[in-house]
There are 2 protein chains.
Amino acid sequence: MTENADPSSEHIMQVGLGFWASKTLLSAVEIEVFTELAKRAEDLATLQSRLGIHPRAGRDFFDTLVALGFLRRVDGKYANTPATDLYLDKHKPTYIGGMLEMANQRLYAHWSHLTEALRTGKQQNESKDATGTPFEALYADPARLKTFLAAMTGISRGGNQAIAEKAPWGQYRTFADVGTAQGDLAVQIALANGHLRGFGYDLPEVGPIFEEYVEQHALSGRLTFHPGNFFEDPLPRVDVITMGHILHDWNLEEKKMLLRKTYDALNPGGAVVIYETIIDDGRSQNAFGLLMSLNMLVETPGGFDYTGQDCMAWMKEVGFRATSVHHLVGSESMVVGIK
Amino acid sequence: MTENADPSSEHIMQVGLGFWASKTLLSAVEIEVFTELAKRAEDLATLQSRLGIHPRAGRDFFDTLVALGFLRRVDGKYANTPATDLYLDKHKPTYIGGMLEMANQRLYAHWSHLTEALRTGKQQNESKDATGTPFEALYADPARLKTFLAAMTGISRGGNQAIAEKAPWGQYRTFADVGTAQGDLAVQIALANGHLRGFGYDLPEVGPIFEEYVEQHALSGRLTFHPGNFFEDPLPRVDVITMGHILHDWNLEEKKMLLRKTYDALNPGGAVVIYETIIDDGRSQNAFGLLMSLNMLVETPGGFDYTGQDCMAWMKEVGFRATSVHHLVGSESMVVGIK
């Protein structure tokens with residue numbers, strides 16, 4: 001028999017039903033399958049009972065995770081793969097599941113209204129019928145806030161480490177990470193560059209969470225929380241300002257205002273480092289960057305992602321003299337502007 | 001810079017957020033992007049206005065479809081790819097979007113309750129709090145029924161054609177497709193085998209939809225609708241009985257009852273052909289088959305998918321003398337039993 005004579009209809013169906021695999025992984029993170037299996041490999045009956053999974057569902061659920069490559073099954077016992085053990089065990093500092101927890105708790109349901117967002121141009125999340133900024137509802141609820149901030153760490157870790165290693169930190173002494181959340185970018189920069197001192201800048205509610213995270217990394221001597229609202233307050237005067245996954249939350253005017261404020265705060269010769277899932281200039285390759293922009297449609301009143309060319313043009317417009325784009329990891333790139 | 005030093009965390013994130021790409025394609029099918037572009041290539045403004053997409057959303061939405069490989073953009077005009085033109089234009093008989101319409105209208109939301117299904121073993125669809133079979137709510141609403149039946153055609157087309165060509169039809173004269181829905185398997189078998197006469201067997205509500213579909217293919221002379229409920233009524237006496245995507249809807253006792261009833265109805269030397277996303281015997285390769293089984297968890301009170309070995313053992317138990325498994329296309333295989 002011919003093997004898969006028609007790969008393209010197969011591909012259409014697999015992407016269209018791709019939410020099956022996606023939601024299966026999200027539920028596995030929610031149920032803490034990988035955290036449980038990080039302790040030891042377990043057989044079906046034990047795993048089912050420890051996690052509270054119904055017998056009708058357990059075998060298919062765990063075998064699906066095997067077939068998707070997230071678990072192994074050896075001699076009747078399920079075990080993590082090296083990757084899921086490293087990244088999806090809640091007790092390891094390398095855990096990146098926060099973004100998936102948020103996707104499971106919030107985004108999956110918000111995206112069920114994607115068609116409405118496409119037709120109306122309006123956000124479809126918990127702020128849908130509220131006024132105020134998109135982050136007010138999020139920040140008002142401490143549990144939601146913590147999920148969101150951990151999610152930001154999860155989605156940013158790879159890019160954070162790349163920036164800490166690759167940006168020309170040698171020529172600078174101070175930096176501020178604006179919209180710092182838990183502070184993972186500030187932490188990674190400080191870990192890799194012992195000569196730097198920096199601020200984590202975010203809304204006051206974030207302070208205790210930032211400080212706890214910084215203390216875990218024994219960096220309280222060099223990293224300080226700087227409370228502020230970047231719409232109302234000035235930014236601290238430093239050599240370098242970083243903003244990761246911040247600009248895409250806001251509309252064009254707000255983006256330019258933030259770049260202008262950054263320019264004003266930097267010391268002469270200083271640098272701004274903007275990074276997120278920067279879209280390729282042809283807008284036809286970085287699918288994840290474009291999907292992230294649709295996520296901004298669903299999640300914010302005016303946010304959108306953009307290309308490196310877009311960002312360099314805005315930087316020039318507010319005064320930066322030299323600009324450049326550098327790929328980091330996966331779908332993430334950084335845009336650098338020099339004052 | 002190193003390219004993607006950490007592919008495994010990237011892969012975890014892409015599957016976990018895979019519902020973004022999935023829902024984007026589902027919304028595109030709902031909005032009939034591909035049906036519109038099957039008429040002619042269109043620029044952004046025209047396409048946006050013809051489909052009623054908000055200017056904030058249009059460019060990102062269509063460019064995402066480009067980056068995902070479902071559209072092309074040439075000289076500022078969007079166009080279908082050969083595959084999306086063939087399979088996702090509603091006006092072509094090759095349309096397979098019915099399954100994606102159903103996924104968009106029903107399954108995406110039902111799957112938001114996957115964790116509850118895993119914990120309780122209970123279905124999470126419109127029959128969640130109802131009694132009766134899972135198909136009663138579906139069949140009671142003509143619009144839902146039509147969506148469901150077209151969905152079945154969409155997901156079955158490739159397998160149907162493979163069965164029509166590959167099964168040993170030369171030695172048989174009559175067949176019945178049990179749970180025939182629109183009748184695409186019966187139609188494909190009749191088109192490829194001019195000597196055969198067959199029945200499409202399903203609940204009475206399906207009759208007009210089957211007959212319309214058969215007439216479109218000018219096969220009314222050889223294909224007849226046979227109304228019946230396979231839990232209460234006997235099956236017609238024929239040489240071959242086919243059941244595609246039927247057995248997985250039901251629990252183990254019901255599966256065996258259907259196989260026993262099939263055995264009783266077949267002429268001596270006759271064959272049963274069971275086909276769906278049969279899981280590999282090791283339960284570690286056919287991820288789509290395992291996910292389909294989780295879909296049965298979400299959608300039915302007791303249904304589940306199964307391996308070729310499982311199915312052959314049930315066939316032997318009810319009396320079939322020779323059994324075999326044959327791969328069809330993609331994740332689909334058929335299990336054949338000879339009386």
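# Notebook: a predicted pair of chains

I started with salt bridges, and by the rule used here the count comes to 26 over all chains. The rule asks for a side-chain nitrogen of Lys or Arg within 4 Å of a carboxyl oxygen of Asp or Glu. As background, side chains of opposite charge can pair when their charged atoms come close.

A note to myself on the ground rules: this is a predicted model, local features need pLDDT of at least 70, side-chain atom pairs count only at pLDDT 80 or more, and totals for chains, interfaces and linings use all residues. Residues are numbered from 1 along each chain as its sequence is written, chains are lettered from A and ligands numbered from 1 in the order in which they are written, and side-chain values use heavy atoms, with hydrogens and water left out.

**Entry: how the copies are related**

I superposed chain A on chain B, which takes a rotation of 180° with 0.0 Å of shift along its axis and leaves an RMSD of 0.0 Å. The two copies are thus related as by a two-fold rotation axis. In chain A, I found that Phe19(A) has the C-alpha nearest the axis, 2.2 Å from it. The fit is by least squares on the C-alpha atoms of residues with pLDDT of at least 70 in both copies.

**Entry: the interface**

How many residues of each chain are in contact with the other? I noted 91 residues of chain A in contact with 92 residues of chain B, where contact means heavy atoms within 4.5 Å. I also saw that 100% of the interface residues of chain A are interface residues in chain B too, so the copies meet through the same surface.

The area buried between chain A and chain B is about 7,700 Å², and carbon and sulfur atoms give 66% of that. Buried area here is the accessible area (1.4 Å probe) that two parts lose on being put together, summed over both.

Next I looked at polar contacts, and the rule finds 41 residue pairs across the interface of chain A and chain B, both residues at pLDDT 80 or more. A polar contact is a pair of N or O atoms within 3.5 Å; within protein, one must be able to donate a hydrogen and the other to accept it, and residues adjacent in sequence count only if both atoms are side-chain atoms.

Helix 2 (residues 19-31) of chain A gives the largest share of the side of chain A that touches chain B, 11 residues. Helices (H or I, at least four residues) and strands (E, at least two) are DSSP runs, numbered from the N terminus. By class, that side of chain A has 45 nonpolar, 33 polar and 13 charged residues. The nonpolar class is Ala, Val, Leu, Ile, Met, Phe, Trp, Tyr, Cys and Pro, the charged class is Asp, Glu, Lys and Arg, and the others, Gly among them, are polar.

**Entry: salt bridges between the chains**

Between chain A and chain B, I count four salt bridges. One of them joins the side chains of Arg283(B) and Asp60(A) at 2.8 Å, N to O.

Arg283(B) also meets Asp63(A) in a salt bridge, at 2.7 Å, N to O. This pair runs from the loop between strand 8 (266-276) and helix 14 (287-299) of chain B to helix 5 (residues 55-67) of chain A. Are these two residues buried or exposed? Both Arg283(B) and Asp63(A) are buried, that is, under 20% relative accessible area; exposed is over 50% and partly exposed in between (1.4 Å probe, protein chains only).

I then found Asp60(B) in a salt bridge with Arg283(A), their closest N and O atoms 2.8 Å apart. Here Asp60(B) sits in helix 5 of chain B, and Arg283(A) in the loop between strand 8 and helix 14 of chain A. Asp60(B) is buried at 9% relative accessible area, and Arg283(A) is buried at 6%.

**Entry: three single residues**

Glu332(B) lies in the loop between strand 9 (322-327) and strand 10 (333-338) of chain B, and it is buried at 6%. Its side chain has a polar contact of 3.1 Å with that of His245(B).

Thr35(B) is in helix 3 (residues 33-37) of chain B and is buried at 6%. Setting aside residues up to four places away in sequence, I see Thr35(B) touching Leu88(B), Asp89(B), Lys90(B) and His91(B).

Leu191(A), in helix 11 (residues 184-192) of chain A, is partly exposed at 47%. I put its C-alpha 9.5 Å from that of Gln161(A), with their positions 30 residues apart in sequence.
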